[in-house]
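Okay, thanks for coming, everyone. I'd like to walk you through a structure that will be new to most of you, so have a look at it while I talk.

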Amino acid sequence: MNWLWAIVVGLILGVIARAILPGKQAIPLWLTCIYGILGSILGNAVAGWIGVRHTEGFDWIRHLLQLAGAVLIVALGTPLWHSIRGGGRRRSTT
C-alpha cells in the first residue's frame, strides 16, 4: 500500500508545484507524478538531515520541505524534459 500512497502524494505535490511555478509547465501528468515523488523523497531527506522528520502531531515542516522539493524538481526537470523532447517548438512552414 505504500507505493499507492507515494503515487497519490507525488501527484498532489507535483500538481501543487506546477501551480506555484510561474508560466506553463508543459509536461505530461505521469511526469508530474514522478517529479512529485522525487520531490517528496528529497523533502524527507532534508527533514531527516535537519532533525524534523518525526515530530509530535502533524509534520508541517516535513510536508513543506516535500513541497519545496517538488517545486525544485519540477523547476529543474521541466526544461530538461523539453530539451530531451526537442524543445517543443515547431517552425512555421509558410
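I'll start with one helix, then go to the core, a loop residue, the pocket and a few single residues. One thing to keep in mind is that this is a predicted model.

Let's begin with helix 2, which covers residues 29–50. How far apart are its end C-alpha atoms? They are 31 Å apart. With 22 residues at 1.5 Å a residue, helix 2 should span 32 Å, so the two values agree. Right after helix 2 comes Gly51, and that glycine has a positive phi of about 85 degrees.

Now, which residues of helix 2 are buried? The list is Leu31, Thr32, Cys33, Tyr35, Gly36, Gly39, Ser40, Gly43, Asn44 and Ala47. If you look at the numbers, you'll see Gly36, Gly39 and Gly43 in there, and also Ser40, Asn44 and Ala47. Here's a general point that helps with reading a list like that: an α-helix has 3.6 residues a turn, so residues three or four places apart point the same way. And what covers the buried residues of helix 2? The cover includes helix 1, residues 2–20, and helix 3, residues 60–84.

While we're on helix 2, let me bring in the record. UniProt, in an unreviewed entry, places the feature "transmembrane region" at residues 29–52 and at residues 64–84. In the model, residues 29–52 are 92% helix and 0% strand, with end C-alpha atoms 30 Å apart. For residues 64–84 we get 100% helix and 0% strand, and the end C-alpha atoms of that span lie 30 Å apart.

On to the core. The largest nonpolar core has 11 residues: Leu13, Ala17, Leu21, Ile27, Leu31, Tyr35, Leu67, Ala70, Val71, Val74 and Trp81. Helix 1, helix 2 and helix 3 each put in at least two residues of this core. Which helix gives the largest share? That's helix 3, with five residues.

Pick out Tyr35 for a moment, because Tyr35 is both in that core and among the buried residues of helix 2. Setting aside neighbours within four places in sequence, Tyr35 is in contact with Ile27, Ala70, Ile73, Val74, Gly77, Thr78 and Trp81.

Next, a residue from a loop. Gln25 sits between helix 1 and helix 2. Is Gln25 buried or exposed? Its relative accessibility is 8%, so Gln25 counts as buried; the cut-off for that is under 20%. Again leaving out neighbours within four places, Gln25 is in contact with Arg18, Val74 and Thr78. You've met two of those already: Val74 and Thr78 are also among the contacts of Tyr35.

Now the pocket. The largest pocket has a volume of about 150 Å³. What lines it? The residues are Trp5, Ala6, Val9, Ile37, Ser40, Ile41, Asn44, Arg62 and Gln66. Helix 1, helix 2 and helix 3 each supply at least two residues of that lining. This time the largest share comes from helix 2, with four residues.

One of the lining residues is Ile37, which is in helix 2. Ile37 is partly exposed, with a relative accessible area of 22%. Not counting residues up to four places away in sequence, Ile37 touches Ala6, Ile7 and Gly10. Ile37 and Ile7 are 30 residues apart along the chain, and their C-alpha atoms are separated by 6.8 Å.

Let me finish with two residues of helix 1. Val8 is in helix 1 and is partly exposed, at 34% relative accessibility. Val8 and Gly36 are 28 residues apart in sequence, and 9.3 Å apart in space, C-alpha to C-alpha. Ile16 is in helix 1 as well, and Ile16 is partly exposed at 36%. The C-alpha atoms of Ile16 and Trp3 are separated by 20 Å, with their positions 13 residues apart along the chain.

Terms used. Residues numbered from 1 in each chain as written. Predicted model: local features only at pLDDT ≥ 70, side-chain atom pairs only at ≥ 80, totals over all residues. Heavy atoms only, no water. Expected span 1.5 Å × (residues − 1). Buried < 20%, exposed > 50% of the residue type's maximum accessible area, 1.4 Å probe, protein only. Contact = heavy atoms within 4.5 Å. Core = buried A, V, L, I, M, F, W, Y, C linked by side-chain atoms within 4.5 Å. UniProt positions renumbered as here; feature names shortened; annotations may be inferred. 1 Å grid on protein atoms, 1.4 Å probe; cavity = no way out; pocket = protein on both sides within 12 Å on 5 of 7 lines; lining within 4 Å. Points joined across faces, edges and corners; volume = space filled by probe spheres on them.
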